[in-house]
Amino acid sequence: MIRRDALLLGLSTVFALSLPALALDRALTPEEQQLIANINQHNSAIRTMAGRFLQIDTNGGRTEGTFFLERPDKVRFRYNPPSREEIVSVGRGFYVLNRKDETYYAYPQDTIPLRQFLGDNINLLNANVVNITNSDGYMSITVVDETVAGTVQVSLIFDTQTLDLAQWSLVEPSGAELTFSLYDVEKGVDIPRAFFSIPATYKGLDPSTR
């Protein structure tokens, strides 16, 4: 699985909030319930944000880029050169763009659970949560999801002081791992409308051929 596919798979699990929650092996404490409620409320209130991301794959390979998010339903991940690829949601679907070839693969919006995170309200306890830990100033919420590629597990890591999503760790169906970190994040930024559009000159390709 190439890095961009891994990111798309990671997004589809990290923000998979549309399925009923699995039973945890313990009851949440009142403090944990309140912290998760605060995380939900805090992230739901963020209407725009932009920053940088770092991916580290199972072999230690590092890939960086920039991201832009606007609620509802818009996000863009742009990989640094030499890559010419981007992942974009424009509110009616997800697209993997290749700026060099001027092509894209399209995926229906309702098949990518990231749409739930991009909506107006977030409720992490509606995800398939299997474990929650809280230590060293971070809360880790582990979820599993059935994707087109198989069962995926992701540990979402939130800073308990800022309530921001700091990192997630993805385990793919193959057993490979991917870590995705956010940094230099700014909130409430103005994002050009063109960032969430697909150039008319780009040619659509069949996703099943990837």
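Colleague: Happy to look at this one with you! Which residue in β5 does Glu85 stand opposite?

Modeller: Glad to help, and please keep in mind that this is a predicted model. Strand β4 covers residues 85–90, and it pairs with strand β5 (residues 93–98) in the antiparallel sense over 5 bridges. Across that pairing, the residue opposite Glu85 is Asn98.

Colleague: On the other side, which residue of β4 is the bridge partner of Val75?

Modeller: Strand β3 (residues 74–79) pairs with β4 in the antiparallel sense over 5 bridges. The two strands form a hairpin with 5 residues between them. Within β4, the bridge partner of Val75 is Ser89.

Colleague: Which residue takes a positive phi in the hairpin of β4 and β5?

Modeller: That hairpin has 2 residues between its strands. The positive phi there is near 100 degrees, and the residue that takes it is Gly91.

Colleague: How many residues of β4 are buried?

Modeller: In a regular strand, side chains alternate between the two faces of the sheet. For β4, one side carries Glu85, Ile87 and Ser89, the other carries Glu86, Val88 and Val90, and both faces are covered. The count of buried residues in β4 is therefore 6 of 6, with buried meaning under 20% relative accessible area.

Colleague: Glu86 has a charged side chain, I see. With which residue does Glu86 form a salt bridge, and where is that partner?

Modeller: Side chains of opposite charge can pair when their charged atoms come close. Glu86 is buried at 1% relative accessibility, and its partner also counts as buried, at 18%. The closest N and O atoms of the pair are 2.8 Å apart. The link runs from strand β4 to the loop between β5 and β6, 13 residues away, where the partner is Arg99.

Colleague: Which residues are linked with Glu86 in a network of salt bridges?

Modeller: A search of the whole structure finds 6 salt bridges. The network that includes Glu86 also links Arg76, Arg78 and Arg99.

Colleague: Is Lys187, which meets Asp164 in a salt bridge, buried or partly exposed?

Modeller: The side chains of Asp164 and Lys187 meet at 2.8 Å, N to O. Asp164 sits in the loop between β9 and β10, while Lys187 belongs to strand β11, 23 residues apart. With a relative accessibility of 39%, Lys187 is partly exposed.

Colleague: Let's turn to the aromatics. What is the angle between the planes of Phe67 and Phe77?

Modeller: The structure holds 8 aromatic pairs. One of them joins Phe67 and Phe77, whose centres are 6.0 Å apart in a stacked arrangement. Phe67 lies in strand β2 and Phe77 in strand β3, 10 residues apart. Stacked requires planes under 30 degrees apart, and the angle here is 25 degrees.

Colleague: How many residues apart in sequence are the parts that Phe77 and Phe180 tie together?

Modeller: Phe77 is buried at 5% relative accessible area. Phe77 and Phe180 form an edge-to-face pair, 5.7 Å centre to centre with 70 degrees between the planes. Phe77 lies in strand β3 and Phe180 in strand β11, so the parts tied together are separated by 103 residues.

Colleague: Which residues form one aromatic cluster with Phe180?

Modeller: Phe180 is buried, with 0% relative accessibility, and Phe67 is buried too, at 3%. Together with Phe180, the cluster is formed by Phe53, Phe67, Phe77, Tyr79 and Trp168.

Notes. Residues numbered from 1 in each chain as written. Predicted model: local features only at pLDDT ≥ 70, side-chain atom pairs only at ≥ 80, totals over all residues. Heavy atoms only, no water. Buried < 20%, exposed > 50% of the residue type's maximum accessible area, 1.4 Å probe, protein only. Helix = DSSP H or I, 4+ residues; strand = E, 2+ residues; numbered from the N terminus. Pairing = 2+ DSSP bridges. Phe/Tyr/Trp six-rings, centres within 6.5 Å; stacked < 30°, edge-to-face > 60°. Salt bridge = Lys/Arg side-chain N within 4 Å of Asp/Glu carboxyl O.
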